[in-house]
Amino acid sequence: MKNLHPAIRIRLLLQFISSISTMAILPYIIIYFAEEVGKAVTGVLFLCVMLASVLGSLLGGFTSDRVGRRKVILLAELFVFIGYIGAAVANTSVGAYPYITFLFFIIIQFSTGVVNPAYQALIIDVSSPEE
């Protein structure tokens, strides 16, 4: 791990944090939505979440080629952070707002989709055939 390029190490760390965050939250958020809005609506909402991730992936590859990988990575990770903070704020002791939480979760998954192609391309850019 120490002989990897610093960009690759940062990418792996951010990917790990993002994956752990999503895996830790996703099962509970599905249960939360099923209780708040019903099972059928929850199914439709999470279908939209997955479609947002796919759309983000398509746009992320195009955008990172045009704007630059680092800018896309920084902006997308900022939106992931904002999404998690927003989802937490939308569910406080003042009240729980499932549809606002859903919008923040769409932002999280869309941004995660956007950043993945940029990460893949960044690894290719900074690695050598020997790595």
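**Fold, contacts and pocket of the predicted model**

Leaving aside neighbours within four places in sequence, Val-37 is in contact with Thr-42, Leu-45, Pro-98 and Tyr-99. This residue belongs to helix H1. The structure described here is a predicted model. Val-37 counts as buried because its relative accessibility is 17% and the buried class covers values under 20%. With respect to Gly-68, which stands 31 residues from Val-37 along the chain, the C-alpha separation is 40 Å.

The overall architecture may be considered next. The secondary structure of the protein consists of four helices and two strands, and these elements follow the pattern α-α-α-β-β-α when read along the sequence. Helix H1 covers residues 6-37, helix H2 residues 39-67, helix H3 residues 69-89 and helix H4 residues 98-126. The C-alpha trace spans about 50 × 30 × 20 Å along its principal axes. Of the 131 residues in the protein, 35% are buried. The accessible surface comes to about 8,100 Å², and carbon and sulfur atoms account for 73% of this area. When contacts between residues at least 6 apart in sequence are considered, 77% of them join residues at least 24 apart.

Several of the contacts in the model centre on Ser-64 and Val-72. Ser-64 is found in helix H2, whereas Val-72 lies in helix H3. Ser-64 has a relative accessibility of 2% and therefore counts as buried. Val-72 is likewise assigned to the buried class, because its relative accessibility is 6%. Outside the four nearest places on either side in sequence, Ser-64 is in contact with Arg-69, Val-72 and Ala-118. For Val-72, with residues up to four places away again left out, the residues touched are Thr-63, Ser-64, Val-67, Val-114 and Ala-118. Ala-118 thus appears in the contact list of Ser-64 and in that of Val-72. Ala-118 and Val-114 both fall within the range of helix H4, residues 98-126. The C-alpha atoms of Ser-64 and Val-114 are separated by 8.6 Å, although the two residues are 50 places apart along the chain. Val-72 and Gly-60, twelve residues apart in sequence, have their C-alpha atoms 7.6 Å apart in space.

Arg-69, a contact of Ser-64, also takes part in a salt bridge. The side chains of Arg-69 and Asp-65 meet at an N to O distance of 3.7 Å, and the count of salt bridges in the model comes to one. Asp-65 counts as exposed because its relative accessibility is 52%, the exposed class being over 50%.

A further residue of helix H3 is Phe-79. With a relative accessible area of 37%, Phe-79 is classed as partly exposed, since this class lies between the buried limit of 20% and the exposed limit of 50%. Its contacts beyond four places in sequence are Ile-107 and Ser-111. Gln-109 is 30 residues from Phe-79 in sequence, and the C-alpha atoms of this pair are 9.7 Å apart.

The largest pocket of the model has a volume of about 190 Å³. Its lining is formed by Ala-7, Ile-10, Arg-11, Leu-14, Arg-70, Ile-73, Leu-74, Glu-77, Tyr-119 and Leu-122. At least two residues of this lining come from each of helix H1, helix H3 and helix H4. By residue class, the lining comprises seven nonpolar and three charged residues, with no polar ones. The charged residues are Arg-11, Arg-70 and Glu-77.

How values were computed. Residues are numbered from 1 along each chain as its sequence is written. This is a predicted model: local features need pLDDT of at least 70, side-chain atom pairs count only at pLDDT 80 or more; totals for chains, interfaces and linings use all residues. Side-chain values use heavy atoms; hydrogens and water are left out. On a 1 Å grid over the protein atoms alone, a cavity is a set of points where a 1.4 Å probe fits but cannot get out, and a pocket is an open set with protein on both sides within 12 Å along at least five of seven lines; lining residues have an atom within 4 Å of a point. Grid points are joined across faces, edges and corners, and a volume is the space filled by probe spheres set on the points. A salt bridge is a side-chain nitrogen of Lys or Arg within 4 Å of a carboxyl oxygen of Asp or Glu. Buried means under 20% relative accessible area, exposed over 50%, partly exposed in between (1.4 Å probe, protein chains only). Contact means heavy atoms within 4.5 Å. Accessible areas come from the Shrake-Rupley method with a 1.4 Å probe; for residues, only the protein chains shown count as cover.
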